Amino acid sequence: MNMDRDRDLKKLFDDPRIPDTDLTVKVMRVLHAEKKEKERFFVKYKVALTAFVGMMLMASTGYAAVQYHSLKNKDGEVVYETKSTKEFGKTESKDEIERFKAFFELKEKVLKNGQAALFYVAANNPNHQTDLGTKVASFHNLSQLRGKITDKSIKIADKVNGNYTFQKADVLFKNVQEVNPPSSEEKKIMAEKLRKQAEESNQGYAMIPVEMTDQISLLFATYQNGEDKIEVMINNLTGKSNPTSYIDEKVEFKQEKVHVKGVEMLHTEFGPSQWHELKWVYESPDKKVKYAYTISGDINKVSKETLMKIAESYLE
C-alpha cells in the first residue's frame with residue numbers, strides 16, 4: 001500500500017482533534033478498487049469525522065485555484081469549515097503507520113458488524129498504544145433503523161427526489177469509551193493489561209470488547225432509482241466546537257456557498273469522479289445537538305438544483 005495513503009488514513013483515526021470514531025468499514029476494499037471508486041470513497045466517507053483528511057488521490061489538472069469555505073449558523077458563528085491538509089500539522093512515524101495497518105486488518109477480520117473492541121498490537125508499538133476499533137451495523141429495513149435511533153431530531157427520509165427509495169443504511173453507533181472516555185490513568189492500565197495478554201498469548205495482539213451505545217456517530221444511507229443512486233450522510237458533531245474538513249490541494253474540487261431557506265450550505269464538486277455534494281449543519285434550538293447532513297450524487301444525473309431541493313425537504 002502506498003505510504004502516503006497509509007499516512008493519511010492514520011490521520012483519520014488518530015488525530016486528537018477528532019473523536020475516537022472508527023470509519024474503517026470499507027477503506028481497504030476501496031483502496032484496492034478502481035480509480036473512480038477511490039474518488040467516490042473520498043467524497044462519500046470523509047464526512048464521518050469532524051476532521052477530514054484529503055486522500056491525495058490525484059494531481060489537479062483542470063480546476064481553478066482551490067478555495068476553502070466555512071459555514072455559519074444564523075447567529076454568525078462558524079459551525080463547519082474546510083481547510084488545506086497543509087494546516088493539519090500532524091505527522092506519524094513509520095512505527096505508527098505500520099501498527100495502524102496491522103490494527104486495521106485485524107479489526108476487519110475479528111469484529112462483526114455493529115461490534116467494537118479495544119486492541120493492543122505488539123509490533124511497532126514502542127509507546128504501548130491501544131487502538132479503538134468499531135464496525136458498522138447495516139440496516140435494510142427502514143422501520144427497524146428508525147426504531148434504533150433514539151434521537152428523533154435525526155431525519156431519515158423514506159424517499160428523496162420523489163422516486164429514489166431507501167435501500168440500505170450503514171450506521172456507526174458510539175461505544176461507551178467515546179461517550180464516557182477513560183482517564184489517562186485508566187488508559188495506561190488497560191494498555192498494560194492488554195500488553196501482557198498479547199505477550200502471553202504469543203498471538204501478537206490482544207483485545208477486549210467494548211460495549212456499544214444507542215447514540216449515532218455516523219449514518220450513511222443509500223437511495224436508489226434503478227441504477228442511479230443518491231446518498232445521504234448524517235454525522236454527529238455534537239460537542240465538537242470546530243468541525244473541520246481537510247482536503248488536499250492536489251484533489252480536483254471546487255466549492256461554493258449556497259443558501260436554502262436561509263441556511264448556509266456548501267456545494268462541492270469533485271472533478272474526475274463527477275461526484276458532487278451539498279452539506280449543511282443542523283443545530284438544535286439550544287445548540288446542544290449538532291449534525292452535519294451531506295447529500296451527494298453523480299453530477300451528470302443529479303443536478304445542484306436537485307440537491308438543493310432535497311435539502312429543502314430536510315429543513316421542513
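This is a short walk through one protein structure, from its overall make-up to a few chosen places. The model is predicted.

Start with the whole chain. The protein has 316 residues, and 51% of them count as buried. Eight helices and 16 strands make up its list of elements. Now look at how the chain meets itself. Take the contacts between residues at least 6 apart in sequence: 68% of these join residues at least 24 apart.

Next, find helix α4, which covers residues 94-110. How far apart should its ends be? At 1.5 Å a residue, its 17 residues should span 24 Å. The C-alpha atoms at its ends are 24 Å apart, so the model agrees with the expected value. Which residues of this helix are buried? They are Ile97, Arg99, Phe100, Phe103, Phe104, Leu106 and Lys107. A general rule helps in reading such a list. An α-helix has 3.6 residues a turn, so residues three or four places apart point the same way. Three of the names come back in another setting. Phe100, Phe103 and Phe104 join Phe119 in one aromatic cluster.

Stay with the aromatic rings. The count of aromatic pairs comes to 10. One of them is formed by Trp280 and Tyr293, and this pair is stacked. The ring centres lie 5.3 Å from each other, with 10° between the planes. The stacked label follows because planes under 30 degrees apart count as stacked. The pair links distant parts of the chain. Trp280 sits in strand β15, while Tyr293 belongs to strand β16, 13 residues away. Are these two residues buried or exposed? Both Trp280 and Tyr293 are buried.

Strand β15 leads on to an open space, the second largest pocket. β15 gives the largest share of this pocket's lining, with four residues. Three elements each supply at least two lining residues: β14, β15 and α8. In the sequence, look for them at 263-270, 275-283 and 304-315. The pocket holds about 580 Å³ of space. In total, 22 residues line the second largest pocket. Which of them lie nearest its centre? Those are Lys74, Val263, Val281, Tyr282 and Glu283. The lining is mixed in character: nine residues are nonpolar, four are polar and nine are charged.

Now turn to a single residue, Gln177. Gln177 is part of helix α6, which runs over residues 176-179. Its relative accessible area is 14%. Buried means under 20%, so Gln177 counts as buried. What does Gln177 touch? Leaving out residues up to four places away in sequence, Gln177 touches Leu118, Leu132, Pro182, Met190 and Val210. Consider Leu132 among these. Gln177 and Leu132 are 45 residues apart in sequence, yet their C-alpha atoms are 8.7 Å apart in space.

Finish with a loop and its backbone angles. Most residues other than glycine have a negative phi. Which way does Asn124 go, positive or negative? Asn124 has a positive phi of about 55°, although it is not a glycine. His128 is also not a glycine, and its phi is a positive value near 55°. Where are they? Asn124 lies in the loop between β4 (116-121) and β5 (130-134). His128 lies in the loop between β4 and β5. Asn124 counts as partly exposed, at 33% relative accessibility. His128 counts as partly exposed as well, at 38%.

Conventions: Residues are numbered from 1 along each chain as its sequence is written. This is a predicted model: local features need pLDDT of at least 70, side-chain atom pairs count only at pLDDT 80 or more; totals for chains, interfaces and linings use all residues. Side-chain values use heavy atoms; hydrogens and water are left out. On a 1 Å grid over the protein atoms alone, a cavity is a set of points where a 1.4 Å probe fits but cannot get out, and a pocket is an open set with protein on both sides within 12 Å along at least five of seven lines; lining residues have an atom within 4 Å of a point. Grid points are joined across faces, edges and corners, and a volume is the space filled by probe spheres set on the points. Ala, Val, Leu, Ile, Met, Phe, Trp, Tyr, Cys and Pro count as nonpolar, Asp, Glu, Lys and Arg as charged, and the others, Gly among them, as polar. Rings of Phe, Tyr and Trp (its six-membered ring) pair if their centres lie within 6.5 Å; planes under 30 degrees apart count as stacked, over 60 as edge-to-face and the rest as tilted. Buried means under 20% relative accessible area, exposed over 50%, partly exposed in between (1.4 Å probe, protein chains only). The expected span of a helix is 1.5 Å times one less than its number of residues. Contact means heavy atoms within 4.5 Å.
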